[in-house]
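User: I should like to go through this structure with you and learn on what grounds each description rests.

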Amino acid sequence: MNAPAGPVAEAIAPVYWILFFFAAIVLVIVVGGLVFAGIRFREKPGVSAKQFHGHNLLELLWTVIPTMMVLSFSIISFQRLLFINDVSTNAEMTIKVVAQQWTWNFTYPNEAAFKLSDGTPLTDAEELNIPANTKVRLDLSSKDVIHSFWVPLIGGKKDAVPGRATELWIQANQPGTYKGQCFEFCGRGHADMLITLVVHSKSDYAAWQKDAVAKANLFNDPATKTGKELFRTLACSGCHTIKGLTGGKVGPEETHIASKPNIAGVLSPVNAENLTRWITKPSAVKPGTLMPDLGLPADQIDAIVKFLLTQK
Ligand code: CUA
């Protein structure tokens, strides 16, 4: 369950276990010797303590052995640091990460597949989506205080520092969801400054990309704004509540309609096609429903649907 899930974590884990193993041996020898000497040479009546000055062999041993140990730990660590710190070799994409109290903002590469209709690249907060088996470079910075990016099973931890660029690379072996956490105390919300790393198989990534870009584009679409205005001014508002917009109480609340499992209990999922069908002629979908057939023109329905899909 806690097995390393990427090359960086795989490089770090053995160093941890080697250090742990030798630390355990040192602990046993030092504490064992201490306890042994304490019992064996404790004060006894009629015996006076012998006085020593120097012991060449012992002194040599407890100097040379720890020196060799520390040297070899340094060597295996440095070897791996070269690999862990090499953010550019074979990196296939770069994602900009901006930390702030208390969230993570991710900006995807400025390339065609991530481009929104307004020309800016896709951005998102908290959740980072990457393809599996792909070296992804992260450019880190911070808007306020020092934060630290860390997804333990993937490995690698790097501070996000205001006014200074830092970088890190991540790679995951398998699709899945990995939890991460800000690792630098950054104020009251520190413990809640979580990262969700979603890893898609290479073949699924393009589909996620398309979907994420389409969803983000809905917010920029002028029709979404029109739809909001229509929802507020047409009959919709008389029956439905969308928090911050309308207060109708006759029909069900629709504040988070785009996150609901279905429309009016009968149409699933909540997507453009089903919303259009429903609003066009509710009575055809759910006979006897109280929602009237408003007979709206197609472009108005389209605008309202686009607006509703942004309500999550
Ligand atoms: Cu951000 Cu701790």
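Analyst: Domain bounds here come from an automatic or database domain assignment. For the protein chain, that assignment gives domain 1 (7–37 + 53–85), domain 2 (93–216) and domain 3 (222–309). This is a predicted model, in which local features need pLDDT of at least 70 and side-chain atom pairs count only at pLDDT 80 or more, while totals for chains, interfaces and linings use all residues. Residues are numbered from 1 along each chain as its sequence is written.

User: How do you know that the length of helix α4 agrees with its number of residues?

Analyst: Helices are DSSP runs (H or I, at least four residues; strands are E, at least two), numbered from the N terminus. The expected span is 1.5 Å times one less than the number of residues. For the twelve residues of α4 (222–233) this gives 16 Å, and the end C-alpha atoms lie 17 Å apart, which agrees.

User: Which residues of α4 are called buried, and what makes them so?

Analyst: A residue is buried if 20 or more other C-beta atoms, placed from the backbone, lie within 10 Å of its own, exposed if 12 or fewer, and partly exposed in between. Thr 224, Gly 227, Lys 228 and Phe 231 are buried. They cover an arc of only 100° around the axis, taken from the directions from the helix axis to the C-beta atoms, and therefore lie on the same side of α4. Pro 222 and Thr 233, on the other side, are exposed.

User: What do the buried residues of α4 pack against?

Analyst: Their partners are α3 (202–220), α5 (236–239), β11 (241–242), β12 (246–247) and α8 (298–309), where contact requires C-beta atoms, placed from the backbone, within 7 Å.

Note on methods:
Contact = placed C-beta atoms within 7 Å.
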